[in-house]
Amino acid sequence: MPEDVFIAINGDALHAKSKVYVGRALARKGAGDLDEYQLWASLALELLGKAALARKHPSLVVDPTHWQSMFVAAGINVTTDVKTITAKTLFERLAHLVPRFDKTVQKFCQDIAERRNAELHSADLPFRTMRLDAWEARYWHACDTILHQMGSSLEQWLGAADAKAPRQLLDEAAKALEAAVKLRVEAAREQFEALKKAERERLTGEAELREPQHQVGIFKGRYDEIWAESCPACKCRAFMTGEQTGEDISEERDEHAIWEAVDREFVGEEFRCPTCDLTLMGSDEIEASGLNYIHEDQQEREMEYEPDYGND
């Protein structure tokens, strides 16, 4: 990574600016200006996300179609007019960097960015129509998720005193979600157990015959992988799907061949049980149900070689 990166895409500088903006957000909330609270908060969130990417490498936050910006990201300062990625691209990239930044969090962040754009670039007043309880807890959850990946926390980002209210909101939201998920699981369990024994056995037998590769149609989204899980409600064979977040490749060989052993990691985004219809959306709901949202597997594949260039 280049040591002397232009300030516009420097991870520490972006992080410092995000702290300034979130401070302004909290000041506007204290003054009772909830429109500006959400405006400054949305700007702080985008800067925090860019800081997380830039700390991995500055090239992750520059516009890949603008070659001058790519040079700057590599430490070659050919311009001061650095173009950075859009909010949509930012949140898509964070989903591959931050394990808990799932589709639910990603959509919330995209929505608040779109409201900000409408607020700034049109006569619309989208922030005025948003109730505080409709976005605030989810906002702090998104920030906390990014900060955790950066090895930081709300307390470090906001300061201990200012972090108390957001942390309390997060704790209350987490407890509410856990209670709601437990009720959903219990309702599905009771519905399944109310069936006659012969019917339960028939459904359990049918569930065991289902294979992950044939379950694409039961999920709302399209993801990298589908794998089998035991349903926390009816205990039948159910399925989870999610995005790949990591891959570790090692070389294996014997006297006949050489191949790659690929250890893959996925983060669960959706869980569905075709037997009792239990549905869980996002890693938070999945974890609250008692399931592990991290899935790992191993594949073997042939080694791939670059073709000869014909310069022998």
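This text walks through the two largest pockets of a predicted model. Local features need pLDDT of at least 70, side-chain atom pairs count only at pLDDT 80 or more, and totals for chains, interfaces and linings use all residues. Residues are numbered from 1 along each chain as its sequence is written, and side-chain values use heavy atoms, without hydrogens and water.

Start with the largest pocket (on a 1 Å grid over the protein atoms alone, an open set of points where a 1.4 Å probe fits, with protein on both sides within 12 Å along at least five of seven lines). Its volume, the space filled by probe spheres set on the points, is about 820 Å³. The lining (residues with an atom within 4 Å of a point) has 34 residues. Closest to the centre are Arg100, His141, Ala174, Leu177 and Asp284.

Which helices (DSSP runs of H or I, at least four residues) line this pocket? α5 (103–121), α6 (136–149), α8 (160–193) and α10 (282–288) each supply at least two residues. α6 gives the most, with 9. Domain 1 (7–161) and domain 2 (205–302) each add at least three; the bounds come from an automatic or database assignment. By class, the lining has 15 nonpolar, 7 polar and 12 charged residues.

Now turn to the second largest pocket. Its volume is about 210 Å³. Ile7, Ala8, Ala13, Leu14, Lys17, Tyr21, Leu47, Lys50, Val82 and Thr84 line this pocket. Two elements, α1 (11–30) and α2 (34–56), give two or more residues to the lining. α1 gives the most, with 4. Here the classes are 7 nonpolar, 1 polar and 2 charged. Asp, Glu, Lys and Arg count as charged; Ala, Val, Leu, Ile, Met, Phe, Trp, Tyr, Cys and Pro as nonpolar; the others as polar.
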